[in-house]
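Here is a walk through a two-chain model, taken piece by piece. Have the viewer open and follow along.

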Amino acid sequence: MNSKVNPFTVEVIRNALTAIAEEMSLVVMRSARSPLLREAGDLSSALTDAAGNLIAQGRDIPAHLGIMGYTVQEFLHRVPAERLSPGDVWFLNLPELGGNHLPDVKAVRPVFAEGVLQAFAVSLAHWADIGGAQPGSYVPHARDAWQEGLRIPPLRLFTAAGPDREKLDLILANVRGALEREGDILAQMASTRSADERLAEVFKRYGAATVQAAIMDLHDQSESEMRTALRSLPQGLYTGEDWLDDDGAGDGEPIAVRVGIEIGDGEATFDFSLTADAARGPLNATPFTTAASVFYAVKAIAGPDIQPNAGCARPLKIITRPGSLLNPPLDRPVVGGNHETSQRIVDAIFRALEPVVAKRLTAGGSTTSGLLLFSGHDPRSGRWTTLYEVHGGGEGARHDRDGMPAVRPHMSNVMNTPAEVIEANYPILIERQALRRGSGGAGRHRGGDGQVRVYRVVGPEVALTTMVERCRIPPFGLCGGAPGETFCITLERASGKTLKLPGKTSVQLEQGDRIVLESSGGGGFGTATAQPA
Amino acid sequence: MNRSWKVGIDIGGTFTDVIAINAVDGAVRTAKVQSRSSDPAASIGSAYQAVGIDWADVSDLIHGTTMATNAIVEDRLAPVALIATEGFRDTLEIGRQNRRELYRLDVAPKLPPLVPAERRLEVTERIDAEGRVLTPLTDAEIERVTKATEKLGVPAVAVTLQQCFTNTEHETRLGQRLEAAVPYVALSHRMSPEPREFERSNTTVLNAALMPLTASYLDKLEKTAGSSTNLHLYHSAGGMASVEAVKDRPLALALSGPAAGVAAAGRIAEELGLAQAIGFDMGGTTTDTCVILDGKAQVDGNQRLAERPVRQLMVAVESIGAGGGSIARIQGRAIRVGPDSAGADPGPACYGHGGEQPTVSDANLVLGYLNSGYLLGKTIRLDPQLALAATKKLADAFGVSAQEAALGIYQVANANMARALRRVAVERGVDARACTLIAFGGAGPMHAVALAREFGITHVVVPKFSSVFSALGCLTAELSYAEQHAVHMSSTAWQADELENLRREMHQRLALLLTAAGHAGDSLLAQHIALIRYAGQSDTVEVPFIPPANRDSLGAGFKTRHERLYGFVTDEPWELETLRLTLSAPAGNDIKIPTARAVPTSTPNDDSIACWFDTNSPIPTARHDRAGLTTEKKIEGPAIIEDQWSTIVVPPGARAWSDTTGHLHIDAGTFT
């Protein structure tokens, strides 16, 4: 048999591998315990080859998907392949080991066939708490990495013989909501086990040599498609920048994310060297998060149909400066960088390419998680509960249509929690959920509207943490379109006092207090003058 | 022979299937005719004609229809007003805020809301999660919002109030007043008495929007059928429902046809004693798969229809865009099959109606599986030269032979369907290898054995009447209704009495529908399912029980099933989330699938052709007429078995035989 596999067999194997990754996410979502996973779907699944090159992924969260190949590659630097055995499931969350932030814990399972390590199954899940200074493990004023929670180097929590109870207990002793966390761990384990079983079937059916040849071919296909996609962009040098509002812990000044893009013949370099220095607060992003953002942007702009795998990365060169916001020293906090700074990287790339491919872009959207983290005791159940709620806003307009209201743009796609589910599980009443009319930027096409949600505290003591961007720097308009309205969070005390909350803060709420959240609108596209009534 | 026929009819998008059985002499007649989408009564009339009966001959008509589905998919819905709790009228537009496509900026991230902002009203009232009234609904407010609704001049209104399922008083009172002002009213607590306002609201709006259309459809049908025909509709949860019940809840028709198909598969599974089976219905553009356990098609209360969430009990059918018409195309250096379909027009290249891209049907023709000699639906003759030419273009791009490309298309189509099959099996916690594959639909029997081998499934059944299977499902239906209700009861705060009271209420409500149809209350069969999960989990596990519910046995049943589904159990407390009840009346005349076998009147003109099963060379393959098969005659693959409407492929290494009822069994053999 020649080394080249019949293209139809490659497609059959591609289908089988993608199905396995999709099934993994299904298993986590169905069996996990925390609402963040089961309701909001803050999780992702992927398969890599034995060297950690991404093979297939589920339809999950771009911010997660872009890093999981690196997770395995960095994992292998710490844990050489000789130490791995069938039935192992290793857990880790260190940002420097192909990570993004501590709450996103990865379960990595080596998969063997014909007595040889063939692949890895990776299940990433956002734990609603990973310990640290505050419930929910978001510390807006954090000055160092340890305040953000438990740091897990590669740890073999399961072997073929079963769980390693002592290690499991060490982890559970250091996070809030041990019961819920244990459920999440078991769900992640179950998901990698289902992948292990399915992959065994695929390797048996086609033989390892054929499957590996097909995987190489899939990588080559994606590389070739990516090069074709890059050739659709005019060659040249482009620069773009966008700004974070602030880092929560520093001097409160906006922080620049800058990119220089060089589009060559079927290849591209993204150089972030001119981006600001590492932040004191938790808005730093790892180089892996940076790479995930670049992949997302390139795919969205030039090749949405490209099968995502390691082949896509070959024509891309990504440069981050050590010591900068996007390649911070190891002791810096990173929790918000994952979903705030990553979005700003995409924004900077879009702005850089505006002069040449504006019609392929959307104007600036509500590129923030809009995160409100409520925690407290529910007097009904007596249990400690944390509500991790993200808020979509207006989508940026395009050259051919208005932006949509109340959606999650770009790097994230986590859902909201229904008001009725919140009220049944937390000491909170939702008084209103509505569109924030008129908040989208004007233009030939209007930006989408943000949303308004009003939370009233009905229990005795609830802590609130915010991790929100676009409170000061609004989502940008494109080609003359107006920017969207900024994000706005207002605290109305039961006493009648009203104050505007910063985007990144912690505050204690009393019974009867209200939080009024107004998410940002999307930017408009084109100048508004020609717009018919 | 007046009024001696009982008839099952399924009106699909392209064909109307009919099966009729004579109560006096047991005669069975089947036919397939072209659907007339604009006039369902005419479709039924021509189906009657095809089996040689008249409206006046029919005692019972059970009808499956895609009317509701098509109206939703094609967006032919009545304009609806929505009334929501003050502060919540935009819920329908906000949705769950996630986007459909991760990487496509050209596609709008969400569907537009079913009701535009100008028809979404708010009413001042509020109930909390415990059912306490925070803001009362005043009569003045009811009047105000009723007037505002009237002013919109719409035929139907949907009402979705926050937390209404914990206390139904507000919705009920508002609904009573609205009924005097608007022709059609749908209340959300009746549609889906469970939390999640966006999903419940969508469900209620869809129902309201279908009410006017369905009522006029059914009025017309009742008039044509006459009062002495018992008319029933086949509903999505698997069973038949009265015309009145469907008028109130037309969304129940959403999966009418597919539900009838899998119900028939369930009957066959029961008859053959198959504990686990998967129904596999492959048509021209879509493939539906469904898990059948102990003869029961599995149902689910949380599905989607045309990308919209629907919260009502429906058979858990996984539908994917793969069928005979799926187009094979080149993407970059790779090959893709579907989801684009050549549809009925132009159809596959081999139809000769101008299709130029190769489809799965073209591949089947090139491989020799499909018979170019016979007429599909008596009108379409398949042209192998056109199929070959279309396939060759694709083959040349990859530098392979046309046959190799055809075989590749066949395998990729199977891989696509395998993904759908895998999903239903995973969601039901079933090991596909232990299942029997029950194949039906136009293209199902052609792909069944190859698909079975993908999973290590060894037993395939192509049932008798497989080409009119949904009609058969209608014919053998029981009158049944199902509903479920949110409970939220922890094992640590068990309220046995409260649970039993709720169960009784549900039972009484459903029993009313059945006793109204003349069934004695004590003859009704009840199936109880408790939906249980660990505190904090999202999905529940179905645990059947016999009332009154016993906590310890429910807990044990839950853990057994949880272990099977997820591979672990813990000693944590669990919650009874939802109670589901299905109440059915035993079929009056107890229709069984007819067993009378036609005796072949002449020697079947079996012949032999060349079929491709691998890329080396074609193999001489015997072609059999299905009608000529007997229990004694075991057919070794390679073989092709044909009946008027479908082609069964028996590849090398497989073996087929007919049982005494006429079901065809295939031992899939091992993969070669």
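## Burial and the overall build of chain B

A residue counts as buried here if 20 or more other C-beta atoms lie within 10 Å of its own, as exposed if there are 12 or fewer, and as partly exposed in between. By that yardstick, buried residues make up 53% of the 672 residues in chain B. Keep in mind that this is a predicted model.

How does the radius of gyration of chain B sit against that of a compact globule? For 672 residues such a globule would come out near 26 Å, and chain B has 26 Å, so the two agree. Along its principal axes, the C-alpha trace of chain B spans about 80 × 65 × 55 Å. The chain holds 16 helices and 37 strands. If you look at contacts in chain B with a separation of 6 or more, 65% of them are between residues 24 or more positions apart.

## Domains of chain B

The domain assignment cuts chain B into domain 1 (73-214), domain 2 (265-323 + 413-475), domain 3 (326-412), domain 4 (479-585) and domain 5 (607-654). Between domain 2 of chain B and domain 4 of chain B, the C-alpha centres are 25 Å apart.

For a local stop, try B:Ala148, which sits in helix 4 (residues 139-152) of chain B. B:Ala148 has 14 C-beta neighbours inside 10 Å, so it counts as partly exposed. Its C-alpha atom is 9.6 Å from that of B:Arg119, and the two are 29 residues apart along the chain.

## Backbone oddities in chain B

Most residues other than glycine have a negative phi, and most peptide bonds are trans. A few spots in chain B go the other way. A cis peptide bond links B:Pro547 and B:Pro548, with omega about 0 degrees; B:Pro548 is in the loop between strand 29 (541-545) and helix 16 (551-566) of chain B. Another cis bond runs from B:Gly637 to B:Pro638, with omega near 5 degrees. B:Pro638 falls in the loop between strand 33 (635-636) and strand 34 (639-642) of chain B.

As for phi, B:Ala306 has a positive value of about 50 degrees although it is not a glycine, and it lies in the loop between strand 17 (303-305) and strand 18 (308-310) of chain B. B:Phe465 also has a positive phi, near 65 degrees, in the loop between strand 26 (459-462) and helix 14 (469-475) of chain B. Which of the classes, buried or exposed or in between, does B:Phe465 fall into? With 24 C-beta neighbours inside 10 Å, B:Phe465 counts as buried, whereas B:Ala306 has 13 and so counts as partly exposed.

## Chain A: two domains in contact

Over in chain A, the assignment gives domain 1 (7-223) and domain 2 (362-533). Their C-alpha centres lie 31 Å apart. The contact draws 18 residues from domain 1 of chain A and 20 residues from domain 2 of chain A. On the domain 1 side, helix 2 (35-38) and helix 3 (62-65) of chain A each supply at least two residues. By class, that side has 10 nonpolar, 4 polar and 4 charged residues.

## Sheets in chain A

Seven strands of chain A make an open sheet in the order 2-1-5-4-3-6-7, with antiparallel pairing. Its edges are strand 2 (54-57) and strand 7 (162-163) of chain A, each pairing on one side only. Strand 7 of chain A pairs with strand 6 (residues 155-159) of chain A over 2 bridges, and A:Thr159 has A:Gly162 as its bridge partner. Helix 1 of chain A packs on this sheet, touching strand 1 (43-49), strand 2 and strand 5 (116-126) of chain A, and its direction makes about 145 degrees with that of strand 1 of chain A.

Elsewhere, strand 14 of chain A pairs with strand 15 (residues 450-457) of chain A in the antiparallel sense over 8 bridges. One of the partnerships joins A:Gln433 to A:Arg453 in strand 15 of chain A. Of the 9 residues of strand 14 of chain A, 7 are buried, so the strand is largely enclosed by the rest of the structure.

## Where the chains meet

In the interface, 61 residues of chain A are in contact with 48 residues of chain B. Several elements of chain A each supply at least two residues to its side, including helix 1 (7-31), helix 6 (178-206) and strand 14 (428-436). Which element gives the largest share of that side? Helix 1 of chain A does, with 12 residues. By class, the chain A side has 26 nonpolar, 14 polar and 21 charged residues.

Note on methods
Residues numbered from 1 in each chain as written. Chains lettered and ligands numbered in written order. Predicted model: local features only at pLDDT ≥ 70, side-chain atom pairs only at ≥ 80, totals over all residues. Domains from an automatic or database assignment. Contact = placed C-beta atoms within 7 Å. Helix = DSSP H or I, 4+ residues; strand = E, 2+ residues; numbered from the N terminus. Nonpolar A, V, L, I, M, F, W, Y, C, P; charged D, E, K, R; others polar. Pairing = 2+ DSSP bridges. Axes fitted to C-alpha atoms, helices over the stretch in contact; angles between N-to-C directions. Rg over C-alpha atoms; globule rule 2.2 N^0.38 Å.
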